[in-house]
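Please walk me through this structure. I am new to it, so keep the steps short.

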Amino acid sequence: RSAGSCSGTLGLFLWHLKNTGIRQIPCHFVQLCRVANDRLITFQYFNFLKRMYVTQCNKDLSQRAKPKSDSVASPFRELQQLDQEKKVIHKIRPISPVHQPLSETSIRNEVREMKSAAETEDSVTPVRAESKEDRQWKEMKLQLNDLPGILARLSKIKLTALVVSTASAGFAMAPVPFDLTCFLIASLGTGLASCAANSINQFFEVPFDSNMNRTKNRPLVRGQISPLLAVCFAASCGVPGIALLTLGVNPLTGALGAFNIFLYTCCYTPMKRMSIANTWVGAVVGAIPPVMGWTAATGSLDAGALLLGGILYSWQFPHFNALSWGLREDYSRGGYCMMSVTHPGLCRRVALRHCLALIGLSTVAPLLDITTWTFPIISLPINLYISYLGFRFYRDADRSSSRKLFFCSLWHLPLLLLVMFTCKKSFLEKEDKGDLLGESHGRAMEIRLP
Amino acid sequence: RARPDKSLRFPRPLVIYLFSNAPGVCKYPAGPPAPCGWGAEEAKRFSKRSGTFPPAHSHNDWIGPPDKHSNLRPVIFYVSPEESPLERRLREARQEAQEKEEFIYSRLKAKGLEMRDETGQKATLNAEEMADFYKDFLSKNFRKHMQYNRDWYKRNFTITYLMGQVALARALRWLRWKKKNS
């Protein structure tokens, strides 16, 4: 655990140092980290980082959680993550300014925030510089060289990347010959649609975002761009994105993309303030991208697409509920209606329920001829493990169990999709059995992905 | 080994429960804008906050650090000497929105939302109590929240639409100027 946290901390430093243009990484740091296991460690060697954070490696979990870094933001909504590359280090965003850096901050908090920051959409600017700049008055003039970074934050580019990867998982699972152009167009279209949806979401939530530590550094909250520019950017991403999907792939995928944008911006975003049902709507939002990938490949909405969507839908709950459990304070401060705030029992029950549903859905996969029977067998251990953690979360209802469940969900989904893909029923196999899918053979090259 | 969840320090929910009782929001003083540069009101506020004047050569708005309690960032609006009526409407709309938000949040802060027990100490609650409180709180103020939401969306759309109109007007003006000069 300390090794993990140390690597996380190291990663944080690497990222920070990279951003501040410092090339050397003194090796003192690593030693310091390993030595301190149950006492306060301060990084005396780095003046500029000394005040950034002081990690306290005790077992105590502090409720005086310091401002949390951006945690998970999901595809089209702040739920889903797909940390497929496992390069958590490179996606870590330094935590937002700590007002009381010497306060009780457990190293596990750090790790959690660092890991959850992997899915963050927000900036990766150095904390120190950021907090200093934060205290100053700034001219509201658009800086062109800052614009790419600002737009990346506005569109939650990392989250968009994860959405695109789920869509490509859907594409890959479709039982048709792999068509590269279609795949690329579908991915691009999905990415653009996701950018548009995320931008509109930020446009709608400016005053609420300014009150939550997780989101108070978003571009619109900080006045780095005007709302007009945000809307124009969203339109210039969304319209070509949907057009690309409709014309370049097929109308069904385009319709799904447009529907998803609508669901996210016009249903999920307002509902966050109205009722806890927003979580279910958001789960649907997260489930649609793989369905889009599937329909992009096959052109039709069949049982396989719905199953894939169902797996992602079920996955959202343990993931988001575990995450929101740790952010209860923030959400309540922001005035959002979240299960973890108002219905904690329901929150944990639903998480457990959907962990178990994942087992069931994995078993249905071979019945629908999507995968072979090895899939439910191989995936059983990981599904059981996440269900076990879900049960622990249900029973214990504390931060450590919620964090365990959250972290598990981060690797569970990519692993599950990977296993699913390796157990995919071969297209050729089906052909041999005389189960032609009606695809013309000369049209596309049959490239079986490894 | 399961650890019991420690008592949560009571966070102050940011809810607009006084919105319906808000007295008239002070509008931007009517009349022609200042001859050039910064409006007197804004300059006063700016110097009160930071002690420095926005630089005279700057023709843009300035945005400041987030307020300690409301977390909103104050904006000083630049008044251009050739401000068109449309631009003036935009500026006034933004000004009004800012003042409204500031008012709401400052009243909120003044009231405070900390639960205190008999001895006046700040009470720490466990998860269940907090959940009950928030459930109660959110349901009691649901209408006010919805009202605030609606108003916020309306303000947001109006201001963005005005920004669009201003941008379009400026673009056309620039094109006309270009044509005249070329």
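A residue counts as buried when its relative accessible area is under 20%. The model shown here is predicted.

Start with that cut-off and two rings. F133(B) and Y134(B) are both buried. They belong to a wider set, since a search of the whole structure finds 20 aromatic pairs over all chains. The ring centres of F133(B) and Y134(B) lie 5.4 Å apart, and their planes meet at 75°, so this pair is edge-to-face. F133(B) also pairs with F137(B), but that pair is stacked, with 5.4 Å from centre to centre and 20° between the planes. Both F133(B) and F137(B) sit in helix α3 of chain B, residues 127–140. Four residues separate them, about one turn of the helix. F137(B) is buried, as is F133(B).

Other rings gather across the two chains. F208(A), F320(A), Y331(A), Y336(A) and Y148(B) make up one aromatic cluster. Two charged side chains meet rings of this cluster. K272(A) places its charged end over the ring of Y336(A), 4.8 Å from the centre. R273(A) does so over the ring of F208(A), 3.5 Å from the centre.

Now turn to chain A as a whole. It has 20 helices and three strands. Of its 450 residues, 62% are buried. Among its contacts with a separation of 6 or more, 78% join residues 24 or more positions apart. Chain A exposes about 16,700 Å², and carbon and sulfur atoms supply 64% of that area.

One of its strands takes part in a sheet with chain B. The sheet is open, has three strands, and runs in the order β3(A)-β2(B)-β3(B) with antiparallel pairing. β3 of chain A (138–139) and β3 of chain B (75–76) stand at the edges with a single partner strand each, so one side of each has no neighbour in the sheet. Two bridges link β3(A) to β2 of chain B, residues 62–63. In β2(B), I63(B) is the bridge partner of K138(A).

Two loops of chain A deserve a look at the backbone. Most residues other than glycine have a negative phi. K156(A) has a positive phi, near 50°. It lies in the loop between α6 (147–154) and α7 (157–173) of chain A. A397(A), also not a glycine, has a positive phi of about 55°. Its loop runs between α18 (374–396) and α19 (399–422) of chain A.

Are these two residues buried or exposed? K156(A) has a relative accessible area of 0%, so it is buried. A397(A) has 13% relative accessibility, so it counts as buried too.

Technical notes: Residues numbered from 1 in each chain as written. Chains lettered and ligands numbered in written order. Predicted model: local features only at pLDDT ≥ 70, side-chain atom pairs only at ≥ 80, totals over all residues. Heavy atoms only, no water. Buried < 20%, exposed > 50% of the residue type's maximum accessible area, 1.4 Å probe, protein only. Contact = heavy atoms within 4.5 Å. Areas by Shrake-Rupley, 256 points an atom, 1.4 Å probe, with all protein chains shown as cover. Pairing = 2+ DSSP bridges. Phe/Tyr/Trp six-rings, centres within 6.5 Å; stacked < 30°, edge-to-face > 60°. Lys NZ or Arg CZ within 6 Å of the ring centre and 35° of its normal.
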